[in-house]
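Trainee: Hey, got a minute to look at a structure with me? I'd like to talk through its helices and its hollow spots.

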Amino acid sequence: MTSVVERLQGDTPKFSVEFLPPRDAEDEKILWKAVRELEGLDPAFVSITYGAGGSRRDRTIRATGRIAQETTLLPVAHLTAVDHSVAELRNVIGWYAAIGVRNVLALRGDPPGDPMGEWVAHPEGLNYADELVRLVRELGDFCVGVAAFPYGHPRSADLDTDLKFLLRKLNAGADYAVAQLFHEPEPFLRLRDRVAAAGCSAAMLPGIMPMLSARGLAKIVELSGADLPVEISRRLEPYADDPAGFRATGIDIATEMCQRLLDEGVPALHFYTMNRSKATREVLGRLGLVARA
Ligand SMILES: Cc1cc2nc3c(=O)[nH]c(=O)nc-3n(C[C@H](O)[C@H](O)[C@H](O)COP(=O)(O)OP(=O)(O)OC[C@H]3O[C@@H](n4cnc5c(N)ncnc54)[C@H](O)[C@@H]3O)c2cc1C
C-alpha cells in the first residue's frame, strides 16, 4: 500500500480529509455519502479518528477497513494510547497490518471524560505519543503521522516546551504532522518554520475547518485552544442572525487562509470534514484544486 509521504510528493498542492467513526446506521450512511463524494476528487489520504473507547473504537477499525477494501482511497488509521495496554496496541496495529493499512496517526489521546483532566497512563500502557510512534515503527513498515498544535497543546507550559515534545515525536520516527485547528496562517507557519529550523524535514500539514455556523465556530475555538482574532469576529458579527451569510463568510475566510498557506508552500491542506463533503469541495473549488462544487 502507498504511504502518505509518497502521496504528498510532487509540486502540485494536495488535500486530505478527516472522518469520524459513525455512531449508528444513520451516521454510517452520512459518512459513506461523504466518502463517495470526495473519492473522485482524489484526496492524498483520508484519516479516521480513533474513538474514545469500546464500541466507538470497533467502529473506527471497521470504517478504516472498509475504506481500505472498498474504495480507491488511502486510509490513515488514528490510534491513541488511552486505556490500552501495550499488548492491546500491538493487536490493533497488527490488525491494521493484516488488512493492508500501513498508515497510522499515532496519538496519546485525552483523559476519558475530561480532555483537560490529569493524564493517567494505562498501567501496562504508554505515556506519550513518541512512545506510540516507536511502537508502531517497531511493528512493521508503517508510515507514521503525529499531531501538532500551532497554539501549543493545552497542557504544554509554553510554546518552546511544546516544540520540544513535537520534535521528540517527529524524531522518534514520524514522517509528518497534522496540525490542530487554527484561525490565522501565522501561528501554523511559525511552528512549521521552527520545526524546519530544528533540522527536521517532516511534512507539516495545516488542519482546516471552515466556520459554517455559530455553533460550529464555538467548537472550532474550543478545539484550537485560542480566542478568535478580532478581525475574524468583526467579519462574522453582521451575520449572527443570517445563517447563509455566516456560512458564505466562513467559506471566504477559509479559502483566503488556504490560499495563503498554499502560497507559503504547504504540501497539502488537511480538512476536518465532520463527515460532510460540501464545504471541503467548495473551498477546494474556489482554490482551483478541483472543479467547482
Ligand atoms: C490531527 C489530530 C488528530 C487527532 N485525532 C484524535 C483521535 O483520533 N482520537 C483522539 O482521542 N484524540 C485525537 N486528537 C486529540 C489528541 O489525542 C489530544 O490533543 C491529546 O491531548 C494529545 O495527543 P498527542 O498525540 O499530541 O500527545 P503527546 O504528543 O503525547 O502530548 C501530550 C502532552 O504531553 C506533553 N508531552 C509530550 N511528551 C512528553 C514527555 N516526554 N514528557 C512530558 N510531557 C510530554 C505535550 O507537550 C502535550 O502537552 C487529535 C488531535 C489532532 C491535532
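Mentor: Sure, let's go through some helix packing and then the cavity and a pocket. Keep in mind that this is a predicted model.

Trainee: Okay, helices first. At what angle do α3 and α4 pack?

Mentor: Helix α3 covers residues 54-70 and helix α4 covers residues 86-98, and they pack at about 20 degrees with their axes 10 Å apart. Angles under 35 degrees count as roughly parallel, so α3 and α4 are roughly parallel to each other.

Trainee: Is that crossing left-handed or right-handed?

Mentor: The crossing of α3 and α4 is right-handed.

Trainee: And which residues make the contact?

Mentor: From α3 you get Thr60, Ile61 and Thr64, and from α4 you get Val92, Trp95 and Tyr96. Sorted by class, that contact has 4 nonpolar residues, 2 polar and no charged.

Trainee: Cool. What about α7 and α10, how do they pack?

Mentor: Helix α7, residues 185-197, packs with α10 at an angle of about 25 degrees, and the axes are 10 Å apart. They are therefore roughly parallel to each other, and their crossing is right-handed.

Trainee: Which residues meet there?

Mentor: On the α7 side look for Pro185, Glu186, Phe188 and Leu189; on the α10 side, Met257, Arg260 and Leu261. The contact of α7 with α10 has 5 nonpolar residues, no polar and 2 charged.

Trainee: Switching topic: how many cavities of 30 Å³ or more does the structure hold?

Mentor: There's 1 of that size. The largest cavity has a volume of about 110 Å³. It is lined by 13 residues, with Phe182, Met209, Met211, Ala254 and Met257 closest to its centre.

Trainee: Which element gives the most to that lining?

Mentor: That's α10, with 4 residues in the lining of the largest cavity. Both β7 (203-208) and α10 (243-263) supply at least two. Also, Met257 turns up twice: it is in the contact with α7 and close to the cavity's centre.

Trainee: What classes of residue line the largest cavity?

Mentor: The lining has 10 nonpolar residues, 3 polar and no charged.

Trainee: Last one. What's the volume of the second largest pocket?

Mentor: About 430 Å³. Its lining has 17 residues, and Met209, Leu212, Ser213, Gly216 and Met274 lie nearest its centre. The elements giving two or more residues to that lining are α8 (214-224), β8 (268-272) and α11 (278-287).

Trainee: And how does that pocket's lining split by class?

Mentor: The second largest pocket has 7 nonpolar, 5 polar and 5 charged residues in its lining.

Technical notes. Residues numbered from 1 in each chain as written. Predicted model: local features only at pLDDT ≥ 70, side-chain atom pairs only at ≥ 80, totals over all residues. Heavy atoms only, no water. 1 Å grid on protein atoms, 1.4 Å probe; cavity = no way out; pocket = protein on both sides within 12 Å on 5 of 7 lines; lining within 4 Å. Points joined across faces, edges and corners; volume = space filled by probe spheres on them. Nonpolar A, V, L, I, M, F, W, Y, C, P; charged D, E, K, R; others polar. Axes fitted to C-alpha atoms, helices over the stretch in contact; angles between N-to-C directions. Parallel < 35°, antiparallel > 145°, perpendicular 65-115°, else oblique. Left-handed = near helix turned anticlockwise from the far one by under 90°. Contact = heavy atoms within 4.5 Å.
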